[in-house]
Amino acid sequence: EILMKYISTRDNKKTYNFVDTFLNGLAHDGGLYIPKKIPRLSKFTLKRLSKLNYNDLAYEIIKIYTGNAFSKNELKKIIKNSYKEFDSDNVVKFSKVKKFNLIELYHGPTLAFKDIAMQVIGNMYETILSKSKNRINLVTATSGDTGAAAIDAVKNKKNLRIFVLHPKGKVSITQRKLMTTVNSKNVFNIAVKGTFDDCQTLVKSMFNDHHFRRSINMSGVNSINWARIVVQVVYYFYSHFRLSEKNKKSVFSVPTGNFGDVYAGYIATKMGLPISKLIIATNENDLLYKFLRNGIYRPSKVKFSISPSMDIQVASNFERLISSYYNNNSKKISALMKQLSSKGFYKIDKKILRKIKNIFYSKSINADNTKKTIKMVYKYNNKILDPHSSVGFRALEDYYLNHSKKSENLFCLETAHPAKFAETIYKILRRNPNIPSMISKNLKKKEFCNVLPNNLNKIKNYIRSNRLH
């Protein structure tokens, strides 16, 4: 068994093990960690994996990437504990609308797909820290779902504190309350007067300030953390294994913001899962849709939409994808990233764009079509899609009508429970989605939150004075 080695997208010489990449979050050179080589599974292995239940499959896939960080028992226990609160025995559930399979990824404690990876990460931290006696302060930015999932995963854990920055007034009421009603000594909510991109920039600046980062022993749970990607790879395999019809390839449509979720699908493809297309479904923030048309990555101003978790113009994980297509040529990636920060854009070679388009397809869905899709699906079989899943569904429908080989399995990732966006759903359908009772009880509790300006020094001082020593 060869131990997995990691490199940074901006320096392919130095290697790291899983624990380093996990605890650092972002590489010290500002790059993102990627495996030096992604293993391709044999047909025989895929056949063996296809018979497993969700937890056993998760163990087999995650083990490839964690190396010797955990013993067999530790990793099995981490996975078991992570999913015991889910209201589905196999973590995800499936439903069908017309020819489309919906993968319900929201059966965890905060009703979003992020629970699937975040619960595992919380338990990984606890296992690693209990051995090393280290203490860590997690700092993360959220556009609504990451924060709640992270807070739920690390609340009351001994060696961790978490500071979550969310854009004040720009997340749904339910999203906010899932974060702010958690009454735990190690949880700190910060409402920043700004956008999600402002929050993400603040967190990145803290990561890039090595003195500050060391002084608070800082780590991160955003989708820049490689462990998040690994855990998300599992449900691509599981869905294909469960629902694939006789040797058909699969298409996955993924509501996309920070590019972590759809990138996990790309890793699954590299590992040998027969995927014919990954659909990058975006709202009006169509940065990646434009990129696939002209090969130019050019962030612009965020447009606020009814699918706020995707109101993002800096798709952090995209650097990982580009690195892969340039064969992890870190000089090239560093040059592109320098250009991005100096000129505000970068352009990739035509040849490489063509290769990317072999696997990826993108569609930008506006608010009007998002609403129409929610109405249509509800009328079709009383199923309520949240506004993000609706974007994914509409993009999949577009692909099926205009580009599909017709003999593909069609999947749409349902990334959040509609109850998290109850206000929006009510406006569209004139009815409220059912909220699971454990959630509605919590939402009535007292909120804990501090409002701070979009100011790096003030936020650093706040974290410094509340950190875990």
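This tour moves through a predicted model, from one open sheet to the helices and a few single residues. Residues are numbered from 1 along each chain as its sequence is written, and side-chain values use heavy atoms, with hydrogens and water left out. Because the model is predicted, local features need pLDDT of at least 70 and side-chain atom pairs count only at pLDDT 80 or more, while totals for chains, interfaces and linings use all residues.

**The open sheet**

Begin by selecting the open sheet of 6 strands, whose order is 4-5-15-10-11-14 with mixed pairing. Its edge strands, each pairing on one side only, are strand 4 (93–97) and strand 14 (360–364). On average, neighbouring strands of this sheet are turned by 25° against each other, direction ignored. Strands here are DSSP runs of E with at least two residues, helices are runs of H or I with at least four residues, and both are numbered from the N terminus; two strands pair if DSSP finds at least two bridges between them.

**The hairpin of strands 4 and 5**

Next, select strand 4 together with strand 5 (residues 100–104), which pair in the antiparallel sense over 5 bridges. Lys 93 has Glu 104 of strand 5 as its bridge partner, and Val 97 is bridged to Phe 100 of strand 5. Which residue in the turn of this hairpin has a positive phi? With 2 residues between the two strands, the turn holds Lys 98, whose phi is about 55°, a positive value in a residue other than glycine. Lys 98, in the loop between strand 4 and strand 5, counts as partly exposed because its relative accessibility is 37%, given that buried means under 20% relative accessible area, exposed over 50% and partly exposed in between (1.4 Å probe, protein chains only).

**Strand 15 and its two partners**

Move on to strand 15 (residues 408–414), which is mostly covered, with 7 of its 7 residues buried. Glu 408, Leu 410, Cys 412 and Glu 414 point one way from this strand, whereas Asn 409, Phe 411 and Leu 413 point the other way. Strand 5 runs parallel to strand 15 and is joined to it by 4 bridges, and here Ile 103 stands opposite Leu 413. Strand 10 (residues 249–255) also pairs with strand 15 in the parallel sense, over 5 bridges, and Phe 252 stands opposite Phe 411.

From strand 10, follow the chain into the loop that leads to helix 11 (260–270), where Phe 259 is found. Phe 259 is another residue other than glycine with a positive phi, near 75°, and it is buried, with a relative accessible area of 1%.

**Helices against the sheet and each other**

Now show helix 15 (residues 350–359), which lies across strand 11 (275–282) and strand 14 and runs at about 100° to strand 11. Axes are lines fitted to C-alpha atoms, for helices over the stretch in contact, and angles run from 0 to 180 degrees between N-to-C directions.

Then select helix 4 (residues 72–83) and helix 5 (residues 114–132), which pack at an angle of about 135° with their axes 8 Å apart. The two helices are therefore oblique to each other, since angles under 35 degrees count as roughly parallel, over 145 as roughly antiparallel, 65 to 115 as roughly perpendicular and the rest as oblique. Among the residues making the contact (heavy atoms within 4.5 Å) are Glu 74, Ile 78 and Tyr 83 of helix 4, and Ile 116, Val 120 and Met 124 of helix 5.

**Helix 7 and Asp 145**

Select helix 7 (residues 173–180), in which Thr 174, Gln 175, Leu 178, Met 179 and Thr 180 are buried. The elements that cover these residues include helix 6 (146–154), strand 7 (160–167), strand 8 (187–193), helix 18 (422–429) and helix 19 (437–443).

Gln 175 leads to Asp 145, since contacts of Asp 145 beyond four places in sequence include Gln 175, Ala 112, Ser 309 and Lys 420. Asp 145 sits in the loop between strand 6 (136–141) and helix 6. Is Asp 145 buried or exposed? Its relative accessible area is 4%, so Asp 145 is buried. The side chain of Asp 145 makes a polar contact with the side chain of Lys 420 (2.8 Å); a polar contact is a pair of N or O atoms within 3.5 Å, where within protein one must be able to donate a hydrogen and the other to accept it, and residues adjacent in sequence count only if both atoms are side-chain atoms.

Finish in helix 18 at Thr 424, which is buried with a relative accessible area of 18%. Not counting residues up to four places away in sequence, Thr 424 touches Ile 306 and Pro 387.
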